[in-house]
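Trainee: Could you take me through this structure step by step, as I am new to it?
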Amino acid sequence: MRSVFLEEIDAESYANYLAQSHATVIIPAGATEQHGPHMPLGVDAMLSRAIAGAVATRLGALVAPTLAYGYKSQPRSGGGNHRIGTTSLSGATVTGQVEDISRSFMGQGFNNVVILNGHFENYQFIYEGLEIAVGRARESGSEARAMLLSYWDFVDEGTLERVFPDGFLGWDIEHGGVLETSLMLLLHPEKVDMSRALSHPPAQLKPYDIFPEDPARTPDSGCLSSPVGASAERGQLLLDAVVNGVARAIEAEYSLPVAALEVK
Ligand code: ZN
Ligand code: MN
């Protein structure tokens with residue numbers, strides 16, 4: 001039985017994998033969040049899972065089931081939590097979920113834990129959960145370490161220039177835009193309907209938040225920038241940069257022997 005996805009292998013294969021000295025588990029983190037009329041609610045979860053799968057194949061790591069809900073969508077990075085379809089967790093729940101799952105993996109013997117984040121708003125709450133989990137594991141004698149990364153941070157300047165020839169406007173307004181849509185067109189093309197993609201100028205976001213949220217402050221489409229111009233070819237440029245960058249970072253931090261590990 002061979003799969004990098006934990007939910008697809010049996011417990012004995014899992015135990016054999018875990019017995020290897022460089023066993024590494026990657027936990028993808030996403031959200032359930034509207035992504036405009038042209039893409040499904042699970043984009044952040046689907047992309048983090050697919051990227052984790054590609055990285056795990058490269059490194060011989062195992063991918064844990066995806067955290068499919070995320071911290072509340074914010075107007076300046078995800079269109080806002082008021083939008084229909086967006087179904088979120090509180091910060092304490094994200095932190096608690098990360099802490100519990102990480103501690104369980106560490107308790108079973110994983111010393112190398114990675115969380116690969118695909119939803120902007122999650123980051124600090126995952127950070128808190130990992131910090132607590134590693135601290136507790138080490139108090140009880142474990143050598144466990146953890147890494148936290150968001151995949152878009154691995155898109156280099158050269159790739160950005162090729163994907164955004166008219167200029168890059170910032171990751172915060174990439175919600176539902178060219179980055180995510182291009183990756184989806186490559187990885188899950190049947191789940192994207194470009195005939196419903198709306199062309200509009202990038203959101204003009206004021207540099208502060210207000211409560212309650214004012215829906216008029218973000219574009220009606222639910223996208224913070226237009227997905228027009230997205231393509232599977234651009235998705236491939238992005239995926240290559242991300243998978244190479246993430247794999248190299250994990251390999252370096254955990255001194256992994258390249259492709260020495262496998263799920264038997
Ligand atoms: Zn997203
Ligand atoms: Mn998101």
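Trainee: Which residue bridges the zinc ion (ligand 1) and the manganese ion (ligand 2)?

Mentor: This is a predicted model, in which local features need pLDDT of at least 70, side-chain atom pairs count only at pLDDT 80 or more, and totals for chains, interfaces and linings use all residues. Residues are numbered from 1 along each chain as its sequence is written, chains are lettered from A and ligands numbered from 1 in the order in which they are written, and side-chain values use heavy atoms, with hydrogens and water left out. The two ions lie 3.3 Å apart, and the residue that bridges them is D44.

Trainee: Which parts of the chain does the zinc ion (ligand 1) bring together through H35 and E180, and how far apart are they in sequence?

Mentor: Donors are N, O and S atoms within 2.8 Å of the metal (3.2 Å for Na, K and Ca), and sites may look incomplete because water is not among the atoms. For the zinc ion (ligand 1) the protein donors are H35 (NE2), D44 (OD) and E180 (OE), at 1.8 to 2.1 Å. Since helices (H or I, at least four residues) and strands (E, at least two) are DSSP runs numbered from the N terminus, H35 can be placed in the loop between β1 (24–29) and α2 (43–59) and E180 in helix α7 (residues 178–187), so the pair ties together parts whose separation in sequence is 145 residues.

Trainee: Are H35 and E180 buried or exposed?

Mentor: Buried means under 20% relative accessible area, exposed over 50%, and partly exposed in between (1.4 Å probe, protein chains only). H35 has a relative accessible area of 1% and E180 one of 7%, so H35 is buried and E180 also counts as buried.

Trainee: Which residues coordinate the manganese ion (ligand 2)?

Mentor: Along the sequence its donor residues are spaced E-x10-D-x74-H, and the coordination distances run from 1.9 to 2.3 Å. The residues that coordinate the manganese ion (ligand 2) are E33 (OE), D44 (OD) and H119 (ND1).

Trainee: With which residue does R76 form a salt bridge?

Mentor: A salt bridge is a side-chain nitrogen of Lys or Arg within 4 Å of a carboxyl oxygen of Asp or Glu, and by this rule the count comes to six. For R76, in helix α3 (residues 75–78), the partner sits 133 residues away, in the loop between α7 and α8 (232–254). The closest N and O atoms of the pair are 3.0 Å apart, and the partner of R76 is D209.
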